Amino acid sequence: MLLVYLSVVEEMDSSAVLFNQLKAAEPFFLLAGPNVIESEEHVFRMAKHLKTVASKLGLPLVFKSSFDKANRTSSKSFRGPGSIEGLKILEKVKIAYDIPVVTDVHETIQCESVGRVADIIQIPAFLCRQTDLLVAAAKTGKIVNIKKGQFCAPSVMVNSAEKVRSAGNPNVMVCERGTMFGYNDLIVDPRNLEWIRDANCPVVADVTHALQQPAGKKLDGGGVASGGLRELIPCIARTAVAVGVDGIFMEVHDDPLNAPCDGPTQWPLRHLEELLEELVAIARVSKGKQHLNIDLTPFRD
């Protein structure tokens with residue numbers, strides 16, 4: 001038990017260092033990568049290009065990819081290589097390119113093994129209120145990134161973040177990813193990026209999933225899949241950095257039209273540097289991270 005305790009303490013110390021680096025990032029940090037692990041070769045290729053772009057622009061990078069997409073619209077959809085093979089690939093890319101990695105969990109039983117590899121454990125939006133999952137992720141000592149449910153008000157994230165802290169882990173961040181607007185659409189309310197700060201932790205904007213159209217794409221052979229509005233990703237990203245988020249989350253692919261998962265909302269790798277350059281420029285002139293004290297006393301000439 002002592003060895004387990006010391007291991008968790010050590011993990012929390014290293015997580016605190018990364019957490020503080022991300023909090024201090026100017027103008028923002030970047031969580032980016034392909035939606036799902038397709039192959040070791042593809043993950044390595046994507047990580048190489050992402051690190052090159054992020055380093056050029058001076059943005060702290062955390063590489064993102066999922067080993068299992070457990071909440072796909074259809075049971076026939078590609079889910080990924082699974083936890084055993086997927087975590088091996090993430091560990092290899094983490095070592096090869098000396099970059100931290102983030103991946104998501106869907107069950108409490110996954111947290112311990114994922115925590116041995118990932119630097120940030122991500123809680124999917126659909127599961128943002130699941131107490132047992134939040135506590136299990138927190139107890140790994142790793143940073144926990146909680147995506148706000150599409151069905152939740154931003155105030156809910158105050159409670160979700162507190163569940164992580166109450167489990168003894170102060171290293172938590174929250175992520176806005178859009179709100180359901182009818183049955184097959186999402187809308188991004190910029191006010192949420194301000195209100196979600198009440199969780200008292202770094203705020204991340206997911207500028208790709210926010211443009212999903214859940215189950216909004218009819219398939220030729222019957223059934224549905226998620227569509228998306230890729231062309232509006234720059235619009236949402238510009239808004240987020242102008243408001244003053246701490247981090248940007250975006251899924252990026254070198255061949256989005258042939259991506260096996262969430263292709264319609266993955267940003268083309270060839271346009272990544274171009275978009276990030278613009279976002280950095282906007283963020284540097286914005287005062288979004290600074291609180292504006294509004295003086296309501298009568299104005300006098």
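## Exercises on helix packing, a cavity and two backbone features

Helix α5 (residues 131-138) and helix α6 (residues 156-166) pack at an angle of about 45° with their axes 8 Å apart, and this pair opens the exercises, which concern a predicted model.

**Exercise 1.** Work out how helices α5 and α6 are oriented to each other, and state which residues form their contact.

*Solution.* Begin with the angle between the two helices, which is about 45°. Angles under 35 degrees count as roughly parallel, and those from 65 to 115 as roughly perpendicular; α5 and α6 are therefore oblique to each other. Next comes the handedness, and here α5 passes α6 in a right-handed crossing. The contact itself is built by Thr131, Leu134, Val135 and Ala138 on the side of α5, and by Ser160, Lys163 and Val164 on the side of α6. Sorted by class, the contact of α5 with α6 holds four nonpolar, two polar and one charged residues.

**Exercise 2.** Describe how helix α2 packs with helix α9, giving the orientation, the crossing and the classes of the residues in contact.

*Solution.* Helix α2 covers residues 40-57 and helix α9 covers residues 272-285, and the two pack at an angle of about 25° with their axes 10 Å apart. Because angles under 35 degrees count as roughly parallel, α2 is roughly parallel to α9. The crossing in which α2 passes α9 is right-handed. From α2 the contact takes Leu50, Val53, Lys56 and Leu57, while α9 supplies Leu272, Glu273, Leu276 and Glu277. When these residues of the contact between α2 and α9 are divided by class, five are nonpolar, none is polar and three are charged.

**Exercise 3.** Identify the residues through which α2 meets α3, and give the geometry of this pair.

*Solution.* The helices α2 and α3 pack at an angle of about 35°, and their axes are 10 Å apart. Their crossing is right-handed. On α2 the residues in question are Glu40, Val43, Phe44, Ala47, Lys48 and Lys51, and on α3 they meet Ile89, Lys92, Val93, Ala96 and Tyr97. By class, the contact of α2 with α3 consists of seven nonpolar and four charged residues, with no polar ones.

**Exercise 4.** Find how many cavities of 30 Å³ or more are counted, and describe the lining of the largest cavity.

*Solution.* The count comes to one cavity of 30 Å³ or more, and the largest cavity encloses about 70 Å³ of space. Its lining includes Glu176, Arg177, Gly178, Val188, Leu193 and Ala205, together with Asp206, Val207, Ala210, Ile236, Thr239 and Ala240. The elements that contribute two or more residues to this lining are β9 (203-206) and α8 (233-243), and the largest share, three residues, comes from α8. In terms of class, the lining of the largest cavity has seven nonpolar, two polar and three charged residues.

**Exercise 5.** Locate the cis peptide bond from Glu26 to Pro27 and the positive phi of Asp98 among the elements of the chain.

*Solution.* Take the peptide bond first: the bond from Glu26 to Pro27 is cis, with omega near 0°, and Pro27 has its place in the loop between α1 (2-23) and β1 (29-33). Turning to Asp98, its phi is near 50°, a positive value in a residue other than glycine, and Asp98 is found in the loop between α3 (83-97) and β3 (101-104).

Notes: Residues are numbered from 1 along each chain as its sequence is written. This is a predicted model: local features need pLDDT of at least 70, side-chain atom pairs count only at pLDDT 80 or more; totals for chains, interfaces and linings use all residues. Side-chain values use heavy atoms; hydrogens and water are left out. On a 1 Å grid over the protein atoms alone, a cavity is a set of points where a 1.4 Å probe fits but cannot get out, and a pocket is an open set with protein on both sides within 12 Å along at least five of seven lines; lining residues have an atom within 4 Å of a point. Grid points are joined across faces, edges and corners, and a volume is the space filled by probe spheres set on the points. Helices (H or I, at least four residues) and strands (E, at least two) are DSSP runs, numbered from the N terminus. Ala, Val, Leu, Ile, Met, Phe, Trp, Tyr, Cys and Pro count as nonpolar, Asp, Glu, Lys and Arg as charged, and the others, Gly among them, as polar. Axes are lines fitted to C-alpha atoms, for helices over the stretch in contact, and angles run from 0 to 180 degrees between N-to-C directions. Angles under 35 degrees count as roughly parallel, over 145 as roughly antiparallel, 65 to 115 as roughly perpendicular and the rest as oblique. A crossing is left-handed if the near helix is turned anticlockwise from the far one by less than a right angle, and right-handed if clockwise. Contact means heavy atoms within 4.5 Å.
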